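Visitor: Please take a close look at one part of this structure for me, the salt bridges, and then set that part in its surroundings.

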Amino acid sequence: MPSSAADIPEPGMMPVGSSSSSVIHRAFLGSVNPTDTESDPTAERLLDAAFDLFCRLGIQRTPMEKVAKNAGVTRVTLYRKFATKDALVDEVVLREFRRYFEQFRADIPAAHTAAERVVVGFVGSLRAIAGNPLISGMADSESSMLIESMIGDDGLLLSVVQKFVAAQLRREQLSGNISDDLDIELVAEMMVRISASFLTVPSRVVDITDDAQLADIARRFLVPMLDHPR
């Protein structure tokens, strides 16, 4: 569904210090407007090394020195590329979000109706999290960090994602695929909060690694939200 930077707020609309929202914004822009600049092989090697260690040891238990050693570079080189650990973590997470958006853009053309796009979006989002060793690892061993990233800054991250989903629903509305009377802001809010609950609170009923089960849930509970009550 996303095809332009207008799908989410412009950088100037983000409150100062909203690192989570800026990461999503940069990832989205990077996926829809890729640059022609060549990647930095050393930086990529460091990001690969950090990703590997973050997945195995956890972000909090991975010192910068170990990242440098794992990448086969000196600490000086590491700090020249990433001045702080926060900057390194930011770039690692950015790359994962970018990959998600790129996959989302690759999957969505196969969906031919608004209902199908809701299903694809829901399944793809949870699959991206459940199948990502870094973020799923955070959910298992650093759940407080994952939850804080979602609800910190007065729920800023959830708000940014809600705006993204609302933009997709607004496009469906403008195309005449869903009712003009539908409260897309509220529907987007409910869809995002349902998804977030599966990511932050383990379920004993729903297996978020089961695409077929997730698709069934989306059709039964999310798709009906597109129907304006009469």
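Guide: Helices (DSSP runs of H or I, at least four residues) and strands (runs of E, at least two) are numbered from the N terminus. On that basis the protein chain has 10 helices and 0 strands, and from the N terminus on its elements run α-α-α-α-α-α-α-α-α-α. The model is a predicted one, in which local features need a pLDDT of at least 70 and side-chain atom pairs count only at pLDDT 80 or more, while totals for chains, interfaces and linings use all residues. Residues are numbered from 1 along each chain as its sequence is written, and side-chain values use heavy atoms, with hydrogens and water left out.

A salt bridge here is a side-chain nitrogen of Lys or Arg within 4 Å of a carboxyl oxygen of Asp or Glu, and by this rule the count comes to 11. One of them joins Glu65 to Arg75, whose closest N and O atoms are 3.3 Å apart. Glu65 belongs to helix α3 (residues 64–71) and Arg75 to helix α4 (residues 75–81), so this pair ties together parts that lie 10 residues apart in sequence. For the exposure of such residues, buried means under 20% relative accessible area and exposed over 50%, with partly exposed in between (1.4 Å probe, protein chains only). Glu65, with a relative accessible area of 37%, is partly exposed, and Arg75, at 47%, is also partly exposed.

Another salt bridge is formed by Arg127 and Asp211, with 3.0 Å between the closest N and O atoms. Because Arg127 sits in helix α6 (residues 114–130) and Asp211 in helix α10 (residues 211–222), the pair ties together parts that are 84 residues apart in sequence. Arg127 is partly exposed at 37%, and Asp211 is partly exposed at 30%. Beyond the end of α6, Gly131 lies in the loop between α6 and α7 (133–141), where its relative accessibility of 58% counts as exposed. The C-alpha atom of Gly131 is 7.3 Å from that of Thr209, a residue 78 positions away along the chain.

Arg170 and Glu185 make a further salt bridge, their closest N and O atoms being 2.7 Å apart. This pair links distant parts of the chain, Arg170 being in helix α8 (residues 143–174) and Glu185 in helix α9 (residues 184–200), 15 residues apart. Arg170 is partly exposed at 34%, as is Glu185 at 37%. Glu185 has a second partner in α8, since Gln162 is found in that helix and a polar atom of the Gln162 side chain lies 2.9 Å from the backbone oxygen of Glu185. Gln162 itself is buried, at 7% relative accessibility. Leaving aside residues up to four places away in sequence, Gln162 touches Glu185, Ala188, Glu189 and Val192, where contact means heavy atoms within 4.5 Å.

Helix α9 also takes part in the 1 aromatic pair that the structure holds. Phe122 and Phe198 form this pair in an edge-to-face arrangement, 6.4 Å centre to centre and with 65° between the planes; Phe122 is in helix α6 and Phe198 in helix α9, 76 residues apart. Ring pairs of Phe, Tyr and Trp (its six-membered ring) need centres within 6.5 Å, and planes under 30 degrees apart count as stacked, over 60 as edge-to-face and the rest as tilted. Both Phe122 and Phe198 are buried.

Elsewhere, salt bridges link Glu44, Asp48 and Arg95 in a network. Residues 44 and 48 fall within helix α2 (residues 41–57), whose 17 residues should span 24 Å, in agreement with the 24 Å between its end C-alpha atoms; the expected span is 1.5 Å times one less than the number of residues. The buried residues of α2 are Ala43, Leu46, Leu47, Ala49, Ala50, Phe51, Leu53 and Phe54. After α2 comes Gly58, with a positive phi near 100°.

For the protein chain as a whole, buried residues make up 44% of the 230 residues. Of the contacts with a separation of 6 or more, 67% are between residues 24 or more positions apart.

Methods. Polar contact = N/O pair within 3.5 Å; in protein donor to acceptor, adjacent residues only side chain to side chain.
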